[in-house]
Amino acid sequence: MSVAVIGARAKLADLLAIPEEQRFHEIVDGELVRKAMPSGPHGRVQRVLGGRIGEPYDRRPGGRLPGGWWIVTETEVLLEEAQVYRSDVLGWRRERLPELPETTPITVRPDWVCEVLSPTTARSDRVKKMRVYQRCGVSHYWIVDPEDQTLMVYRWTPEGYLLILTAERGERVRAGPFVEVELDMDALFGDEAA
């Protein structure tokens, strides 16, 4: 559902005018858009993926786990003036972002973004947002589709995103930039072995 900004493109001030407890919005191509409420499968994929990536990576580097990242969910990021996204799961290398800002939106582009598709956002995630992430130089872009139960992993190049991995149920993969962790696609989509 869109929240109208009559006669003008939405600006950051329009987004920040929404009370924080009600602000589940993004600015996509200058339009203030309310994010869809996630379905059960969407929410579960987001939680599982955030945990599988966050557990080994969301820490200082060194030690027995890789570390070196900040991994967050549903955090507002200002990519461009008319593009403020609240991506499903995203991360920054700590060498580029030594401290996680307490202010919102974060103005440093992420190094990795994962969008979990919903029927109402799939087109935007695959086209509009992908174009902006590519234009802004986001190094790694993942698209997870809970309905098709697939993962698509893209790497940034100056010419456009390069598809480097596709995976589906029944597979185990190592996906950049998090190649130290093996992802079980069955576990991601709700059928983890005991």
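## Glu-80 and its partners

Setting aside residues up to four places away in sequence, Glu-80 touches Val-132, Arg-135 and Cys-136. With Arg-135 there is also a polar contact: the two side chains come to 2.8 Å of each other. Keep in mind as you read that this is a predicted model.

Where does Glu-80 sit? You will find Glu-80 in strand 3. Its relative accessibility is 25%, so Glu-80 counts as partly exposed. You can also compare its place with that of Leu-15, which is 65 residues away along the chain: the C-alpha atoms of Glu-80 and Leu-15 are separated by 14 Å.

## Strands 3, 4 and 5

Let us stay with strand 3, which covers residues 69-80 and also holds Thr-75. Strand 3 and strand 4 form a hairpin, with two residues between them. The two strands pair in the antiparallel sense, and ten bridges link them. To see the pairing in the model, look for Thr-75, which stands opposite Ser-87 of strand 4.

Which residues does Thr-75 contact, leaving aside its neighbours within four places in sequence? They are Tyr-85, Arg-86, Ser-87, Leu-90 and Ile-106. The side chain of Thr-75 also reaches the backbone oxygen of Thr-73, at 3.0 Å.

Now move on to strand 4, residues 83-93. Is this strand mostly covered or mostly open? It is mostly covered, with ten of its eleven residues buried. Strand 4 also has a link to strand 5 (residues 112-116): the two run antiparallel and are joined by three bridges. Here, Gly-91 is the residue to look for, as it stands opposite Trp-112 in strand 5.

## Two cysteines, no disulfide

Cys-136, one of the contacts of Glu-80, brings us to another topic. A disulfide is a covalent bond between the sulfur atoms of two cysteines. How many disulfides are counted in this model? The count comes to zero.

Why does Cys-114 have no such bond? The closest cysteine sulfur to that of Cys-114 belongs to Cys-136 and is 18 Å away, which is too far for a bond. For a pair to count as a disulfide, the sulfur atoms must be within 2.5 Å. Looking from the other end, Cys-136 has its closest cysteine sulfur in Cys-114, again at 18 Å and too far for a bond.

Are these cysteines buried or exposed? Cys-114 is buried, with a relative accessible area of 0%. Cys-136 is buried as well, and its relative accessible area is 18%.

## Val-144 and its many contacts

Next, find Val-144, which belongs to strand 6 (residues 140-145). Its relative accessibility is 0%, so Val-144 counts as buried. Not counting residues up to four places away in sequence, Val-144 touches Val-45, Leu-49, Cys-114, Glu-115, Val-116, Leu-117, Thr-150, Leu-151, Leu-188 and Phe-189.

Leu-117 is a good one to pick out from that list. Although Val-144 and Leu-117 are 27 residues apart along the chain, their C-alpha atoms are separated by 6.1 Å.

## The largest pocket

What is the volume of the largest pocket? It is about 570 Å³. The lining of this pocket is made up of 29 residues, and those nearest its centre are Glu-26, Val-33, Lys-35, Ala-36 and Thr-121. Several elements give two or more residues to the lining: strand 1 (25-28), strand 2 (31-34), helix 2 (40-57), strand 4, strand 5 and helix 3 (122-135).

Which element gives the most to this lining? That is helix 3, with six residues.

## One cavity

The structure also holds one cavity of 30 Å³ or more. The largest cavity has a volume of about 30 Å³, and its lining consists of Val-48, Leu-49, Arg-52, Leu-183, Asp-184 and Leu-188. The elements that give two or more residues to this lining are helix 2 and strand 10 (183-184). Helix 2 gives the most, with three residues.

Two names here may look familiar: Leu-49 and Leu-188 line the cavity, and Val-144 touches both of these residues.

Notes: Residues are numbered from 1 along each chain as its sequence is written. This is a predicted model: local features need pLDDT of at least 70, side-chain atom pairs count only at pLDDT 80 or more; totals for chains, interfaces and linings use all residues. Side-chain values use heavy atoms; hydrogens and water are left out. Buried means under 20% relative accessible area, exposed over 50%, partly exposed in between (1.4 Å probe, protein chains only). Helices (H or I, at least four residues) and strands (E, at least two) are DSSP runs, numbered from the N terminus. A polar contact is a pair of N or O atoms within 3.5 Å; within protein, one must be able to donate a hydrogen and the other to accept it, and residues adjacent in sequence count only if both atoms are side-chain atoms. Contact means heavy atoms within 4.5 Å. Two strands pair if DSSP finds at least two bridges between them. On a 1 Å grid over the protein atoms alone, a cavity is a set of points where a 1.4 Å probe fits but cannot get out, and a pocket is an open set with protein on both sides within 12 Å along at least five of seven lines; lining residues have an atom within 4 Å of a point. Grid points are joined across faces, edges and corners, and a volume is the space filled by probe spheres set on the points.
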